[in-house]
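These are my notebook entries on one structure. I set out to look up its salt bridges, its domain arrangement and a few single residues.

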Amino acid sequence: MPRSLPPLQGVVNPLTAGRLPRFTEPALLVVCLVVTTAALSVLNAGNPGVIIIVGALLFLLVSFALATSVEGVRHAKDRLAAHVVTGFFLIALAPLVSLAWGTVSAGLARMDVKFFTYSMRNVIGEGGGAVHAIWGTLIITGMATLISVPIGLMTAIYLVEYGARHRLASAIRFFVDVMTGIPSIVAGLFAYTLFSLFFGPGTKVGIAGAVALSVLMIPTVVRSTEEMLRLVPNELREASYALGVPKWRTIVKVVLPTSLAGIITGVVLSIARIIGETAPLLVTAGMNQSLNTNPFDSPMATLPVFVYYQYVTPGIPQDPYHARAWAGALTLILIVMLLNLVGRLISWKFAPKPGR
């Protein structure tokens with residue numbers, strides 16, 4: 001029988017030796033902030049922003065020195081890089097959190113039943129609502145989606161499946177990239193000029209706003225759909241062709257279902273891109289204080305334009321107008337969140353399942 005070895009006494013695991021405990025960095029950050037607050041208070045410079053910046057820099061210096069002495073330079077540099085990346089992430093996140101908090105805190109005061117059931121017709125001062133703007137936003141955005149999605153989808157199918165090696169495809173990609181960066185007011189002026197030529201100067205209707213938004217939406221749909229179609233493996237196409245399936249049927253039955261989840265995500269992102277546009281709708285759809293559900297007749301109110309007018313041209317007193325503006329902004333954010341949730345649900349529903 002082999003003799004059992006005696007237990008090793010005082011042996012340290014090399015994988016965990018010389019490492020700082022997990023609680024060291026959080027405790028060190030708190031200590032640095034406290035020391036910075038005390039020092040700047042003595043100097044009468046206790047601004048919260050200054051405290052956070054100086055405390056963060058002090059934390060980086062002290063943590064790097066401490067990690068170098070305990071773990072070595074290589075691990076210390078790794079920790080420093082992680083702290084810097086985390087810090088920039090928090091800096092980028094701060095405006096988003098501040099915007100969300102400010103909008104929710106200021107907009108909840110008017111998020112009542114009256115806001116969602118009344119328009120601004122014959123309303124001066126308190127009261128009124130934004131039902132006309134909500135309906136206008138949904139109608140104009142829906143029509144813009146109906147215009148943009150088929151055009152963008154067919155364009156992406158041509159670029160990937162038919163015109164991959166043609167000069168026309170390269171020209172289309174170039175102009176799509178150019179359209180992606182055009183200012184929104186240019187799209188509004190284009191739609192306004194187009195409808196003025198056919199229906200007379202000064203024409204402001206909901207369908208004109210939908211055309212302006214579709215000019216902004218089509219490039220996003222094209223680029224996102226094109227990328228999703230490129231991700232479909234060529235083996236699936238070749239297998240379909242080997243069975244004698246024609247190209248158009250392969251696209252409809254194989255390519256599109258495989259990439260449907262990504263296409264829907266791209267469409268939802270493009271809708272979120274246009275639903276808050278104000279400049280093109282100011283020029284094309286105008287403003288209406290009453291509920292108008294006919295996009296082919298008379299100006300039509302939308303939430304972005306409603307918020308703009310309530311905040312920029314308030315009456316006396318100003319508080320009711322500002323409250324309605326914040327409530328409209330919060331409603332717009334909630335609509336975008338709902339669209340994203342619906343898009344994620346549809347993407348999950350139609351995403352290819354493993355093993356199929």
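Is Arg230 buried, exposed or partly exposed? I looked up its relative accessible area, found 44%, and therefore entered Arg230 as partly exposed. I note at the outset that the model is predicted.

**Entry 1: Arg230 and Glu226**

I next looked for the partner of Arg230 and found that its side chain meets that of Glu226 in a salt bridge, at 3.0 Å from N to O. The two residues are 4 apart in helix α8, so about one helical turn separates them. I placed helix α8 at residues 206-230. Glu226 has a relative accessible area of 1%. Because buried means under 20%, I recorded Glu226 as buried.

**Entry 2: Glu226 and Arg173**

I then followed Glu226 to a second salt bridge, this one with Arg173, in which the closest N and O atoms are 2.7 Å apart. Glu226 belongs to helix α8 and Arg173 to helix α6 (residues 167-180), so this pair ties together parts that lie 53 residues apart in sequence. I checked burial for the pair and found both Glu226 and Arg173 buried. The side chains of Glu226 and Arg173 also register as a polar contact of 2.7 Å. Setting aside residues up to four places away in sequence, I listed what Glu226 touches: Ala156, Leu159, Val160 and Arg173.

**Entry 3: The network and the total**

Which residues are linked with Glu226 in a network of salt bridges? I found Arg173, Asp177, Arg223 and Arg230 joined with Glu226 in that network. For the structure I counted 9 salt bridges. Another of them pairs the side chains of Glu71 and Arg79, at 2.8 Å from N to O. I recorded Glu71 as buried at 10% relative accessibility, and Arg79 as buried at 18%.

**Entry 4: The two domains**

I turned to the division of the chain, which gives domain 1 (23-109) and domain 2 (117-350). Their centres, taken over C-alpha atoms, are 40 Å apart. I found 6 residues of domain 1 and 5 residues of domain 2 in the contact. About 460 Å² is buried between the domains, and carbon and sulfur atoms give 84% of that area. Thr103, Ala106 and Gly107 supply 74% of what domain 1 buries against domain 2, more than any other three residues.

What is the count of salt bridges between domain 1 and domain 2? I found 0. I also looked for residue pairs in polar contact across the interface, both at pLDDT 80 or more, and the result was 0. By class, the side of domain 1 that touches domain 2 has 3 nonpolar and 3 polar residues, with no charged residues.

**Entry 5: Two single residues**

I located Ala109 in the loop between α3 (73-107) and α4 (113-117). At 63% relative accessibility, Ala109 counts as exposed. I took the separation of Ala109 from Arg324: their C-alpha atoms are 8.8 Å apart, with their positions 215 residues apart along the chain.

I located Gly49 in helix α2 (residues 48-71). Its relative accessible area is 35%, and I therefore entered Gly49 as partly exposed. From Gly49 to Val252 I noted 56 Å, C-alpha to C-alpha, for two residues 203 apart in sequence.

Key
Residues are numbered from 1 along each chain as its sequence is written. This is a predicted model: local features need pLDDT of at least 70, side-chain atom pairs count only at pLDDT 80 or more; totals for chains, interfaces and linings use all residues. Side-chain values use heavy atoms; hydrogens and water are left out. Domain bounds come from an automatic or database domain assignment. Contact means heavy atoms within 4.5 Å. Buried area is the accessible area (1.4 Å probe) that two parts lose on being put together, summed over both. A salt bridge is a side-chain nitrogen of Lys or Arg within 4 Å of a carboxyl oxygen of Asp or Glu. A polar contact is a pair of N or O atoms within 3.5 Å; within protein, one must be able to donate a hydrogen and the other to accept it, and residues adjacent in sequence count only if both atoms are side-chain atoms. Ala, Val, Leu, Ile, Met, Phe, Trp, Tyr, Cys and Pro count as nonpolar, Asp, Glu, Lys and Arg as charged, and the others, Gly among them, as polar. Buried means under 20% relative accessible area, exposed over 50%, partly exposed in between (1.4 Å probe, protein chains only).
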